[in-house]
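This briefing goes through the covalent links, the strand pairing and the ring contacts of one structure. Please read the notes below alongside the sequence and the coordinates.

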Amino acid sequence: MMQRIHAVGLLAAAALLCSSCTPVVVETPTPTPVATLQCQGEFTEETHPCDQAEYDAVAARDAQYEEAERTFRRVVALLYELRSQRRPMNDELSGLVSGSYGQGVEETLHDGLTSDIDFSGQPVVVWVTRENTSDGGSTLALQACTAPGTATLESNGFKMTPKTYREQLYFTQIDGRLRLSSNRVAEVTSCDG
């Protein structure tokens with residue numbers, strides 16, 4: 001009988017303990033979708049999944065290419081502006097160029113001070129692409145095609161239209177800024193293709 005009383009006591013104690021219990025439903029957390037970062041190849045349109053470090057490196061590289069393109073477009077505009085006004089290189093243009101390209105620009109503008117050729121209008125940079133080449137330790141390279149746009153040359157009453165050029169452009173990092181340091185130029189019939 002003692003066993004029965006003991007068993008009844010245990011059952012009563014268990015019932016008392018469980019009477020204050022309420023069932024708990026544990027929900028499985030729904031995973032929050034994580035955006036997968038996509039990185040584009042430096043010289044292709046293809047993208048691939050990447051981690052934050054690679055994504056940040058690609059963003060920094062893209063910013064350099066954008067800076068290089070802005071630099072080239074500004075150099076073209078300043079070169080024609082100064083040449084049409086028969087002015088030598090100014091500080092802004094000097095800060096955008098270096099090396100053999102800078103020397104060539106300075107000579108062109110200097111020669112223009114006494115030239116009988118008048119420049120007017122502006123050429124048009126039709127397109128700019130990234131290039132996988134280097135020249136003398138350059139930081140990065142672009143290829144660009146520049147068409148005459150509204151630019152004209154006039155000498156002794158004879159008007160000429162400038163040529164269309166495709167250029168390999170090489171940029172070097174100097175004092176924290178990309179400068180156009182050298183180029184290779186080829187005359188082309190158009191900027192198509």
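Cys39 and Cys50 are both buried, and a disulfide with an S to S distance of 1.9 Å joins them. The model is predicted, and two disulfides are found in it; the notes below take each in turn and then pass to an aromatic pair.

**The disulfide of Cys39 and Cys50**

- The link between Cys39 and Cys50 is right-handed, with 75 degrees about the S-S bond.
- Because Cys39 belongs to strand 1 and Cys50 to strand 2, this pair ties together parts of the chain that are eleven residues apart in sequence.

**The hairpin around it**

- Strand 1, residues 37-40, and strand 2, residues 47-50, run antiparallel and are joined by four bridges.
- The two strands, strand 1 and strand 2, form a hairpin, and six residues lie between them.
- Within this pairing, the bridge partner of Cys39 in strand 2 is His48, whereas the disulfide partner of Cys39 is Cys50.

**The disulfide of Cys145 and Cys191**

- The other bonded pair consists of Cys145 and Cys191, whose sulfur atoms are 2.0 Å apart.
- Since Cys145 lies in strand 5 (residues 140-147) and Cys191 in the segment after strand 9 (177-188), the disulfide ties together parts that are 46 residues apart in sequence.
- The torsion about the S-S bond of Cys145 and Cys191 is about -85 degrees, and the disulfide is therefore left-handed.
- Cys145 and Cys191 are each buried.

**Pairing order**

- When the bonded cysteines of the chain are numbered in sequence order, the pairing reads 1-2, 3-4.

**The aromatic pair**

- The structure holds one aromatic pair, formed by Tyr80 and Phe119, with the ring centres 5.6 Å apart and 65 degrees between the planes, an edge-to-face arrangement.
- This contact links distant parts of the chain, as Tyr80 is in helix 2 (residues 52-84) and Phe119 is in strand 3 (residues 117-120), 39 residues apart.
- Tyr80 has a relative accessibility of 16% and therefore counts as buried, given that the cut-off for a buried residue is under 20%.

Note on methods:
Residues are numbered from 1 along each chain as its sequence is written. This is a predicted model: local features need pLDDT of at least 70, side-chain atom pairs count only at pLDDT 80 or more; totals for chains, interfaces and linings use all residues. Side-chain values use heavy atoms; hydrogens and water are left out. Two strands pair if DSSP finds at least two bridges between them. A disulfide is a pair of cysteine sulfur atoms within 2.5 Å. Buried means under 20% relative accessible area, exposed over 50%, partly exposed in between (1.4 Å probe, protein chains only). Rings of Phe, Tyr and Trp (its six-membered ring) pair if their centres lie within 6.5 Å; planes under 30 degrees apart count as stacked, over 60 as edge-to-face and the rest as tilted.
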